[in-house]
Amino acid sequence: MQTITPEAFFNARRQFLKLGAGALVSSTAISKLLAELPKDTSLHYIPDSNAQKLVINPMEQATHYVNFYEFSTDKEAPVKLSQNMKTTPWHLGFFGEIAKEQMIEVDTLIAKFGLEERIYRFRCVEGWSMVVPWIGFPLYKLLDYLEPNSDAKYVKFTTRHDPTIFPDQNRGIFSAIKYPYVEGLRMDEARHPLTFIAVGMYGKRLLPQNGAPIRLVVPWKYGFKSIKSLDLIECVKEQPLNTWQDQNPNEYGFYANVNPEVDHPRWTQAKERVLGKLLKQPTLKFNGYAKEVEHLYAGMDLRKFF
Ligand code: MTE
């Protein structure tokens with residue numbers, strides 16, 4: 001029997017915030033905690049050799065043209081709206097079909113799994129793309145640690161729900177989409193060595209507008225699968241209903257593999273505009289990672305499982 005539920009986790013945090021950290025933690029513990037907070041945002045990591053010689057987009061582009069609906073549907077507004085977002089400490093909840101349900105702070109995850117750089121192509125379903133040097137660790141390292149049991153067929157990811165951080169979560173029926181933002185992967189997709197948990201980019205901690213302090217990056221899928229500001233990771237029996245599929249099932253599916261042969265109902269996916277470039281370039285199947293991932297979809301009709 002599992003004893004902690006995601007709801008219990010939410011309530012515990014609400015209680016903690018209501019009491020104020022001071023009521024629970026002694027002042028010495030607080031000063032110790034503050035002393036341990038990172039003073040600069042640089043990270044130590046194993047660099048990517050960039051064997052494919054991908055041309056990295058300038059940091060300014062990747063950090064100032066973003067999709068983060070919890071702040072705004074505008075591409076640049078999240079930069080200003082997220083400036084006061086507090087991202088340390090940040091505890092993630094791990095629940096579901098795993099050996100031990102628990103909460104772990106982001107810096108503890110970094111210390112446990114170490115950091116490496118991954119220079120990946122990133123393709124948004126809207127038709128733009130970029131190349132980003134992410135820093136983090138492969139998700140399989142975390143899953144190995146959590147020990148999913150044989151009922152764990154999918155991994156469900158949830159963004160934090162906190163209207164004090166995210167203004168659009170406060171707008172009730174007028175919000176842009178339903179919150180919290182949810183994503184999911186099949187267990188074999190989640191365990192694929194390319195599937196990455198990022199805590200940084202361009203050598204530094206993630207900026208709030210890019211999903212600080214911790215997000216998912218799945219380079220062969222459309223960008224909406226790469227869910228930001230993670231709050232919960234659950235190993236589950238059933239395929240989760242991801243936010244965009246829930247929002248519009250005719251246009252967005254569960255798999256969302258980058259595929260130039262399957263158009264979006266309202267636009268072609270055959271080409272993409274690299275941020276900062278004028279001319280479009282052809283989109284690559286699985287965003288250029290076909291050799292590594294196409295076996296995951298052997299025998300599946302990619303028009304049906306879009
Ligand atoms: N995650 C959350 N929680 N909310 C969002 O609005 N947008 C998604 C994805 N993750 C989104 C999210 C979309 S549509 C894209 S393309 C990428 O984040 C954009 O990531 P970037 O802004 O860092 O480029």
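Here is a short chat about some backbone features and buried residues in a predicted model.

Biologist: Let's start with Y202. Why is Y202 called buried?

Modeller: Happy to explain! Buried means under 20% relative accessible area, and Y202 has 18%, so Y202 counts as buried.

Biologist: And what makes the phi of Y202 worth a remark?

Modeller: Phi of Y202 is near 55 degrees, which is a positive value, and the residue is not a glycine. As for its place, Y202 lies in the loop between β7 (196-201) and β8 (204-205).

Biologist: Good. Why does N287 count as buried?

Modeller: The same cut-off applies: buried means under 20% relative accessible area. N287 has 2% relative accessibility, so N287 is buried.

Biologist: What is the phi of N287, and where does N287 lie?

Modeller: N287 is not a glycine, yet its phi is positive, at about 60 degrees. You will find N287 in the loop between β12 (281-282) and α10 (290-293).

Biologist: Now the prolines, please. Which kind of peptide bond runs from T88 to P89, cis or trans?

Modeller: That bond is cis, with omega near -15 degrees. P89 sits in the loop between α5 (77-81) and β1 (91-96).

Biologist: What is omega for the bond that joins Y179 and P180?

Modeller: Omega there is about 0 degrees, and the peptide bond is cis. P180 belongs to the loop between β5 (154-159) and β6 (182-186).

Note on methods. Residues numbered from 1 in each chain as written. Predicted model: local features only at pLDDT ≥ 70, side-chain atom pairs only at ≥ 80, totals over all residues. Heavy atoms only, no water. Helix = DSSP H or I, 4+ residues; strand = E, 2+ residues; numbered from the N terminus. Buried < 20%, exposed > 50% of the residue type's maximum accessible area, 1.4 Å probe, protein only.
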